[in-house]
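Thanks for sharing this one. Here are my notes, set out as numbered points to read alongside the model.

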Amino acid sequence: MDPLSQIYKLIGSEEPYFRLVDEFYAGVEESFVLRPLYPEKLDNAKRSLALFLIQRTGGRTTYSDEKGHPRMRARHMPFAIGQAERDAWIVCMNKALDNTPEFVPVRKDLDAFFDHFATFMINKAN
Ligand code: HEM
């Protein structure tokens with residue numbers, strides 16, 4: 001069984017996901033590496049990431065209902081993502097997870113997922 005798809009049930013509600021994403025984007029706002037990649041207003045990016053994570057972990061499927069198949073690698077192609085951007089993303093996500101205690105029990109699975117997925121998003125040599 002895919003352990004990721006069990007996470008939503010364990011977390012039990014969407015509120016911690018939206019808090020996690022707020023924390024994550026607070027880190028992006030401070031990052032000299034990541035901030036220039038994102039649009040000025042982060043509202044849409046926040047909502048998309050929260051809905052994607054909710055869906056991927058077994059919650060409602062609004063992300064794909066609205067946008068179709070995630071095609072995450074293709075969606076990231078317009079942004080130049082090298083090792084430095086990947087590492088900065090992971091630093092922001094780890095900090096956000098550290099600040100969102102609800103995710104402690106599922107941290108091992110989430111860390112493995114983000115680690116792998118962020119590497120998969122790399123689309124340029126440094
Ligand atoms: C590896 C470093 C990464 C960088 C530099 C990066 C950067 C970006 C940027 C610039 C956007 C566009 C935001 C916007 O236009 O509003 C975006 C969108 C998004 N990213 Fe990433 N990303 C990374 C990794 C990841 C990972 C690992 C995930 C999920 C685990 C993820 C999930 C998403 C989602 C769901 C969207 C919204 C896509 C859409 O629906 O249009 N990203 N990302």
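**Notes on the ligand site and the cavity**

1. A polar contact is a good place to begin: the side chain of lysine 67 has an N or O atom 2.7 Å from an oxygen atom of the ligand. Please keep in mind throughout that this is a predicted model.

2. Two further side chains make polar contacts with the ligand. Tyrosine 63 places an N or O atom 2.7 Å from a ligand oxygen atom, while a polar side-chain atom of tryptophan 89 is 3.3 Å from a ligand nitrogen atom.

3. Do look at the iron. His76 is its only protein donor, through NE2 at 2.0 Å, and this histidine belongs to helix H5, residues 72-76.

4. Now the wider surroundings. The ligand sits in the largest pocket, with 23 residues around it; Tyr38, Tyr63, Lys67, His76 and Trp89 are the closest. By class, the shell has 17 nonpolar, two polar and four charged residues.

5. Which helices each supply at least two residues of that shell? They are H3 (43-56), H4 (62-67), H5, H6 (83-98) and H7 (107-120).

6. Finally, the enclosed space. One cavity of 30 Å³ or more turns up in a search of the whole structure, and the largest cavity holds about 30 Å³. Its lining consists of Tyr17, Leu20, Leu53, Thr57, Phe103, Leu110 and Phe114. Helices H2 (15-30) and H7 each give two or more residues to this lining, which counts six nonpolar residues, one polar and no charged. Helix H7 is thus worth a second look, as it contributes to the ligand shell and to the cavity lining.

Technical notes: Residues numbered from 1 in each chain as written. Predicted model: local features only at pLDDT ≥ 70, side-chain atom pairs only at ≥ 80, totals over all residues. Heavy atoms only, no water. Donors = N, O, S within 2.8 Å, 3.2 Å for Na, K, Ca; no water. Helix = DSSP H or I, 4+ residues; strand = E, 2+ residues; numbered from the N terminus. Near = heavy atom within 4 Å. Polar contact = N/O pair within 3.5 Å; in protein donor to acceptor, adjacent residues only side chain to side chain. 1 Å grid on protein atoms, 1.4 Å probe; cavity = no way out; pocket = protein on both sides within 12 Å on 5 of 7 lines; lining within 4 Å. Sits in = over half its atoms within 2 Å of the grid points. Nonpolar A, V, L, I, M, F, W, Y, C, P; charged D, E, K, R; others polar. Points joined across faces, edges and corners; volume = space filled by probe spheres on them.
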